[in-house]
Amino acid sequence: MARTLAFLGAAGTVTGSKFLLEHSAGPADGGRVLVDCGLYQGAREWRRLNWEPLPATPASIAAVVLTHTHLDHCGYLPALVRQGFAGRVWCTEATAALTEIVLRDSAHLQEEDAAAARAGGWSKHDPPLPLYTVADAERAISRLETTTFGTPTRVAPGWEATLSRAGHVLGSASALLHGGTASVLFSGDLGRPSHPLLLPRSRPPAARTVVIESTYGDRDHPVAAGADHEVLASAVRRTIGRGGSVVIPAFAVDRTELVLHVLAELLREDRIPPVPIYVDSPMALAALEVYSRPGMREELLPEADLGLGTLPRLHTARSAAESMALNNPGTPSIIISASGMATGGRVIHHLRHLLPQARNTVVLTGYQAVGTRGRALQEGAHEVKIMGRYVPVRAEVLTDEGFSVHADAGELLSWLGELPEPPETVYVVHGEPESAHALADRIRKELGWTVAVPVVGERVRLD
């Protein structure tokens, strides 16, 4: 009984993770499992694929296994359900709780962007439509099913899944899929050996085949780079000194929590002045609530501090009116708002109003994919396009590398080196081409293993 793996996403790019496992001659026996179901983000050439039909009919897929809650790993689920998927979506409890938030927010933005494009007339489509709706997101949420770390779970005929801690964000996992003589370990997004809030990742289990991410596959984080976050601290001091505000585009899940944690430390150490700090993202506020639940403490370090009780001038902007007021804050302040790559959400409104003013600063806190506004700002763009108009970039723009919770190349190699035995093949995915090929080269040279960098649509044998 042949078992195969098809790379339906995150091959040749760092987004859109979708990996299809299949056994037998066809899908009639229900033996199809999709590991991750992410949206493409960034460059238009990839985003267009969100609108293309999957090579596998969604109704023929028995189950989805999610490694974690980021949009490029779960954001296509409502579209999959809309197209006929009726199976279960397996993940950890924390991933399920956070995915509810992510999918509702994504669907809302899909509908909002389509409506804005209709009103503004800047879409090439007539009429512009959302990829999926809030109703589609609710149907996807109803398919979520939870399992625990280390518990083998039969997710579909012929396939068993076991999740292990990945240390990237709350609930994140590596997924071992086992069926017949085939065993495939999907790294998911791997965290660094230590995380300011989360317990460390687990040692990986043995597998014949390994599929590993390569977001930072072409570089090692400089030793202790940004560990003291002086880049952020000095930017805050400098910006407040000239009467400006600091805008921090931050991913709603995990990154906002980390930023608040760091700001609380900087304030305790008197390295930044006590200015108002605003969290302007309903999604981030909902994620903060999940991180703060008593049931989630088992994934957090005992000393984990989310900053909620130690930032005396912390404010939340929940309503649209409260958010709009921050476009002209009137007093020096720090504004934390999603999305982390400035691709959508409330932060783009703040950037539209605050980028043209030289007294302000934008601090980027994570990986910026090719084709995103965040990447354009990081690379020194003089103008960025927001809501159909070009906005001048006069504000200071910098990146604090100390927030990265992605394993670098050396740390990815270390994780592979912890495997109980060498796999037959390693497939390098979820990275820009340069990153993926650089990591593949290091695996060949340092470990001596068989490794390949697949292309979108490629299918390989597992047994």
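A cavity, in the exercises below, is a set of grid points where a 1.4 Å probe fits among the protein atoms but cannot get out. The structure to be worked through is a predicted model.

**Exercise 1. The cavities**

Determine how many cavities of 30 Å³ or more the whole structure holds, and describe the lining of the largest cavity.

Solution. Step one is the search of the whole structure, which finds four cavities of 30 Å³ or more. Step two takes the largest cavity, whose volume is about 80 Å³, and whose lining is made up of 15 residues, with Phe-19, Asp-36, Ser-187, Gly-188 and Val-429 lying nearest the centre. Step three asks which strands contribute: β3 (33-37) and β11 (209-213) each supply at least two residues of this lining, and β11 gives the most, with three residues. Step four sorts the lining of the largest cavity by character, which yields six nonpolar, six polar and three charged residues.

**Exercise 2. The lining of the second largest cavity**

Find the volume of the second largest cavity, and work out how its lining residues divide into nonpolar, polar and charged.

Solution. The second largest cavity holds about 60 Å³ of space. Going along the chain, its lining is formed by Leu-263, Leu-267, Ile-272, Pro-273, Pro-274, Val-275, Ile-277, Leu-311, Pro-312, Arg-313 and Leu-314. Sorting these residues gives ten nonpolar, no polar and one charged; because Arg counts as charged, the charged residue in this list is Arg-313.

**Exercise 3. Helix α12**

Decide whether helix α12 (residues 409-417) is largely enclosed by the rest of the structure or largely open, and support the decision residue by residue.

Solution. Begin with the cut-off, by which a residue is buried when its relative accessible area is under 20%. Seven of the nine residues of α12 are buried, so the helix is largely enclosed by the rest of the structure. The buried residues are Ala-409, Gly-410, Glu-411, Leu-412, Leu-413, Trp-415 and Leu-416, and they pack against β9 (173-179), β10 (182-186), β11 and α13 (433-447). Finally, inspect the N-terminal end of α12, which is capped by Asp-408 through a side-chain oxygen that lies 3.2 Å from the backbone nitrogen of Gly-410.

**Exercise 4. Cysteines without partners**

Establish how many disulfides the whole structure contains, and then examine Cys-74 and Cys-91.

Solution. The search of the whole structure finds zero disulfides. For Cys-74, the nearest cysteine sulfur is that of Cys-37, at 8.5 Å; a disulfide would need the two sulfur atoms within 2.5 Å, and Cys-74 is accordingly in none. For Cys-91, which is likewise in no disulfide, the nearest cysteine sulfur belongs to Cys-74 and is 9.0 Å away. As for surroundings, Cys-74 counts as buried because its relative accessibility is 0%, and Cys-91 counts as buried because its relative accessibility is 0%.

**Exercise 5. Backbone geometry in three loops**

Locate the cis peptide bond that involves Ser-339, and describe the positive phi values of Asp-254 and His-430.

Solution. The cis peptide bond joins Ala-338 and Ser-339, with omega at about 20 degrees, and Ser-339 has its place in the loop between β15 (334-337) and α10 (347-354). Turning to phi, Asp-254 has a value near 80 degrees, which is positive in a residue other than glycine; Asp-254 lies in the loop between β12 (246-249) and α7, and it counts as buried because its relative accessibility is 1%. His-430, also not a glycine, has a positive phi of about 50 degrees; His-430 is found in the loop between β20 (425-429) and α13, and it is buried, with a relative accessible area of 3%.

**Exercise 6. Arg-373 and Asp-270**

Identify the backbone oxygen that the side chain of Arg-373 reaches, and decide whether Asp-270 is buried or exposed.

Solution. Arg-373 lies in helix α11 (residues 373-378), and its side chain reaches the backbone oxygen of Ala-342 at 2.9 Å. Setting aside residues up to four places away in sequence, Arg-373 touches several others, including Met-341, Thr-343, Ile-348 and Lys-385. Asp-270 is located in the loop between α7 (255-268) and β13 (277-279), and it counts as exposed because its relative accessibility is 69%, the cut-off for exposed being over 50%.

Notes:
Residues are numbered from 1 along each chain as its sequence is written. This is a predicted model: local features need pLDDT of at least 70, side-chain atom pairs count only at pLDDT 80 or more; totals for chains, interfaces and linings use all residues. Side-chain values use heavy atoms; hydrogens and water are left out. On a 1 Å grid over the protein atoms alone, a cavity is a set of points where a 1.4 Å probe fits but cannot get out, and a pocket is an open set with protein on both sides within 12 Å along at least five of seven lines; lining residues have an atom within 4 Å of a point. Grid points are joined across faces, edges and corners, and a volume is the space filled by probe spheres set on the points. Helices (H or I, at least four residues) and strands (E, at least two) are DSSP runs, numbered from the N terminus. A polar contact is a pair of N or O atoms within 3.5 Å; within protein, one must be able to donate a hydrogen and the other to accept it, and residues adjacent in sequence count only if both atoms are side-chain atoms. Contact means heavy atoms within 4.5 Å. Buried means under 20% relative accessible area, exposed over 50%, partly exposed in between (1.4 Å probe, protein chains only).
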